[in-house]
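Hi,

Here is the structure I promised to pass along. Have a look at it first, and then read my notes below on the spaces in it and on the ligand.

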Amino acid sequence: HFARRTLAVAIGGLAATTLSLQVQAATEVTLGHTLSDSSHYSVGADAFKETLERLSDGEFTVNEHPSGSLGGERAMIEGLQIGTVDVVITSTGPLGNFVPETYVLDLPFLFEDYDQARCVLDGEIGEELLTKMSDHDLVGLAWSENGFRHMTNSMREINTPEDAEGLKVRTMENRVHQEAFRQMGASPTPMAFPELFTALQQGTVDGQENPITVIVATNFWEVQDHLSLTGHVYSPAAILASPILLDGLSDEEREWFNQAAQASAEATREEVSRLEEEGVALLREKGMTVKTDIDPAPFQEAVEPAYEIYTDEYGSEMLDRIRASD
Ligand code: PAF
């Protein structure tokens, strides 16, 4: 009897220990993005990690997977929907394929400057778009930033849309961007970002377009000679989470994720602003020719049909509201 009771107590104790270990084990959050660990996205990922781990007192730990190690942005968004990735920092590039309401943000020359873009995204419109994500098996946590996009290529300086004519330009997998480049007379080639460096190196495409931050973080000067500061479109970044993880959390836990995403967006925007100034000087030092003071008017005129194509399909309500915000 005594031996049996001792055994039962021992097994009970073991079960309790296992249970308490299970309770204490931190939930690992897999966070993916496509840029290097020296990029503005990584600065944002660090802030996300620091904030979530601090607020949750270690209940969650964050593992950052930079450099597209979990795939391109489209693949990672799919990963959120099926629960193989927990949090993703992504441009809106492929997002419209999942949440068409975000296409409005990809229209060229929509935002005049960083202040206007940040203000719209932090306001009612940004909030509405984040809420829309839940209709498409995604959780929108916050709007972060990629930056105003500029063109680089290996052929010639670009001053006017005519200079872009015939150039094979890699675009994101985004219909609105593709249409804009088609209207400029370029030949748009949509491609996932992890394939881009090799495509530029091998001459599969002549050029690409991205913010200064990305051009710096990806060493594009090694494969591109010319940079033109066209600033043709503002590129937001969204911090998205998987509903498979978030739906199972308490309100308090979800709030930690929201706050972590806010901290991440703030840190990223600060880094974008810093690099916007320092990055151009660095790219010149690395040997790129940098064309500044480009007149946006001919580019705006060239891409006008992209607006018509957009409004024909998606209407102009959101567009008008954004335009009224400046
Ligand atoms: O060009 C892109 O695909 C995006 O701007 C990037 C570099 C992946 C950042 O979101």
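**Pockets, cavities and the ligand**

Three elements, β4 (139–153), β8 (226–241) and α12 (296–314), each put at least two residues into the lining of the largest pocket. The biggest contributor there is α12, which gives 5 residues. Keep in mind as you read on that this is a predicted model.

The space in that largest pocket comes to about 430 Å³. It has 20 lining residues, and the ones closest to the pocket centre are Phe109, Phe111, Glu112, Gly231 and Gln300. Sorted by class, the lining of the largest pocket has 10 nonpolar, 5 polar and 5 charged residues.

Next, the second largest pocket, with a volume of about 300 Å³. Here 18 residues make up the lining, and Glu127, Leu130, Gly140, Leu141 and Asn258 are the closest to the centre. Two or more residues of this lining come from each of α4 (114–122), α5 (124–132), β4 and α11 (251–285). So which element gives the most to the second largest pocket? That is β4, with 5 residues. You will remember β4 from the largest pocket, where β4 also supplies at least two lining residues. The class split for the second largest pocket is 7 nonpolar, 7 polar and 4 charged.

Now for the enclosed spaces. How many cavities of 30 Å³ or more are there? The count is 3. The largest cavity has a volume of about 80 Å³, and about 70 Å³ of space lies in the second largest cavity.

And where does the ligand sit? You will find the ligand in the largest cavity. If you want to pull up the site, the residues around the ligand are Thr34, Leu35, Tyr41, Glu73, Ser91, Asn146, Arg149, Arg170, Met172, Phe193, Asn210 and Val214. For the largest cavity, the lining list reads Thr34, Leu35, Tyr41, Glu73, Ser91, Asn146, Arg149, Arg170, Met172, Phe193, Asn210 and Val214. By class, the shell around the ligand breaks down into 5 nonpolar, 4 polar and 3 charged residues.

Three side chains in that shell are worth showing as sticks. In Tyr41, a side-chain N or O atom is 2.7 Å from an oxygen atom of the ligand. For Asn146, the distance from a side-chain N or O atom to a ligand oxygen is 2.9 Å. With Arg149, a ligand oxygen and a side-chain N or O atom are 3.0 Å apart. As for cover, the ligand on its own has 290 Å² of accessible area, and the protein covers 99% of it.

The second largest cavity is lined by Gly72, Glu73, Arg74, Ser91, Gly93, Pro94, Arg170, Met172, Glu173, Met191, Ala192 and Phe193. Several of these names will look familiar: Glu73, Ser91, Arg170, Met172 and Phe193 are among the residues that line both the largest cavity and the second largest one. The lining of the second largest cavity counts 5 nonpolar, 3 polar and 4 charged residues, while the lining of the largest cavity has 5 nonpolar, 4 polar and 3 charged.

If you only have a minute, start with the ligand in the largest cavity, and then step across to the second largest cavity through a residue such as Glu73, which is in both linings.

Cheers

Key. Residues numbered from 1 in each chain as written. Heavy atoms only, no water. Near = heavy atom within 4 Å. Polar contact = N/O pair within 3.5 Å; in protein donor to acceptor, adjacent residues only side chain to side chain. Areas by Shrake-Rupley, 256 points an atom, 1.4 Å probe, with all protein chains shown as cover. 1 Å grid on protein atoms, 1.4 Å probe; cavity = no way out; pocket = protein on both sides within 12 Å on 5 of 7 lines; lining within 4 Å. Sits in = over half its atoms within 2 Å of the grid points. Nonpolar A, V, L, I, M, F, W, Y, C, P; charged D, E, K, R; others polar. Points joined across faces, edges and corners; volume = space filled by probe spheres on them. Helix = DSSP H or I, 4+ residues; strand = E, 2+ residues; numbered from the N terminus.
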